[in-house]
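The following paragraphs walk through the structure shown here, taking a helix, the nonpolar cores, the pockets and two loop positions in turn.

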Amino acid sequence: ELRLAHGAIDVYGTPRRLALVVRDVADRQSDLDEEVMGPSAKAAFDAEGKPTKALLGFCAGKGVDVSAVRRVDTPKGEYVAVTVHRKGQPAAEVLGAPLATLATKLQFPKSMRWLDDDTRFARPVRWLVCLLGADVVPLRAFQLTAGRESFGHRFLSPARVEIRDAASYLATLEGVNVLAD
């Protein structure tokens with residue numbers, strides 16, 4: 001959905017953590033040329049063939065000039081259309097919001113409620129790690145901001161641990177007595 005090429009997806013879980021590791025994520029989205037239909041030709045042009053407010057509003061909303069509009073025949077009649085070019089954004093800029101939504105929409109047969117906004121999850125969420133390579137992805141969910149810090153085993157190595165990059169996730173946690181796989 002995000003137009004980001006990627007490799008294998010691995011999911012890991014322990015009683016205190018869930019992890020989604022997506023390998024070989026592209027640095028940026030692919031560009032997209034999208035055909036967008038506008039108002040009918042009758043509504044787009046007045047009797048003299050000049051653009052109407054409907055067409056001007058359509059063009060402004062799509063960020064194109066009126067000269068880029070063309071007429072197309074459809075089963076419903078003649079309409080105007082335009083090809084909108086959407087330049088791909090850096091992966092770090094587009095991943096945060098969908099990943100936050102994914103995390104907050106997970107459902108469990110039994111879930112706990114905490115926080116003031118009726119947040120539900122299997123257990124209260126205490127920290128988030130979200131990395132794209134070695135960079136932290138801006139992500140906010142469960143009233144927390146993602147970073148690179150996790151925690152070791154709560155009895156054997158309860159201190160904070162820094163996850164250097166996504167590739168070292170499993171090895172870093174194993175070093176603090178957590179078998180995440």
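Helix α2, which spans residues 53–62 of this predicted model, has three residues named as buried: Leu55, Phe58 and Cys59. Around the helix axis they cover an arc of only 95°, which means that they sit on the same side of α2. The general geometry fits such a pattern: an α-helix has 3.6 residues a turn, so residues three or four places apart point the same way. The face of α2 turned away from the buried side carries Lys53, Ala60 and Gly61, which are exposed. On the buried side, the packing partners are β3 (32–40), α1 (41–44) and β5 (77–86). After the helix comes Gly63, with a positive phi near 70°.

The loop that joins α1 and α2 contains Thr52. Is this residue buried or exposed? Thr52 has a relative accessible area of 19%, and because the cut-off for buried is under 20%, it counts as buried. Leaving out residues up to four places away in sequence, Thr52 touches Ala43, Ala44, Phe45 and Asp46. Between Thr52 and Lys42, ten residues apart in sequence, the C-alpha to C-alpha distance is 9.5 Å.

The next topic is the nonpolar interior. The largest nonpolar core has 16 residues, and those that touch the most other members are Leu95, Val125, Leu128, Leu139, Ala141 and Phe142. Helix α3 supplies the largest share of this core, with four residues. Beyond its neighbours within four places in sequence, Leu95 is in contact with Leu2, Leu4, Leu132 and Val137. Another core, of eleven residues, lies apart from the largest one; Tyr12, Val161, Ile163 and Tyr169 are among its members.

Empty space can be described in a similar way. Rolling a probe the size of a water molecule over the atoms shows where such space is left. The largest pocket has a volume of about 1700 Å³. It is lined by 49 residues, of which Leu18, Ala19, Leu20, Leu99 and Val129 are the closest to its centre. Two or more lining residues come from each of β1 (9–14), β2 (17–22), α3 (91–105) and β8 (131–132). By class, the lining of the largest pocket consists of 36 nonpolar, four polar and nine charged residues. Helix α3 thus appears in two places, in the lining of the largest pocket and in the largest nonpolar core.

The second largest pocket holds about 190 Å³ of space. How do the residues of its lining divide by class? There are four nonpolar, four polar and four charged residues. The lining includes Thr14, Pro15, Arg16 and Arg17, together with Arg123, the stretch Gly152, His153, Arg154 and Phe155, and also Asn177, Val178 and Leu179.

One of these lining residues, Gly152, is placed in the loop between β12 (149–151) and β13 (160–162). Gly152 is buried, because its relative accessible area is 2%. Apart from residues up to four places away in sequence, Gly152 touches Arg17, Ser157, Ala159, Val161, Val176 and Val178. Two of these contacts, Arg17 and Val178, also line the second largest pocket, while Val161 belongs to the core of eleven residues. The C-alpha atoms of Gly152 and Gly175 are separated by 8.2 Å, although the two residues are 23 residues apart along the chain.

Conventions. Residues numbered from 1 in each chain as written. Predicted model: local features only at pLDDT ≥ 70, side-chain atom pairs only at ≥ 80, totals over all residues. Heavy atoms only, no water. Buried < 20%, exposed > 50% of the residue type's maximum accessible area, 1.4 Å probe, protein only. Contact = heavy atoms within 4.5 Å. 1 Å grid on protein atoms, 1.4 Å probe; cavity = no way out; pocket = protein on both sides within 12 Å on 5 of 7 lines; lining within 4 Å. Points joined across faces, edges and corners; volume = space filled by probe spheres on them. Nonpolar A, V, L, I, M, F, W, Y, C, P; charged D, E, K, R; others polar. Arc of directions from axis to C-beta. Core = buried A, V, L, I, M, F, W, Y, C linked by side-chain atoms within 4.5 Å.
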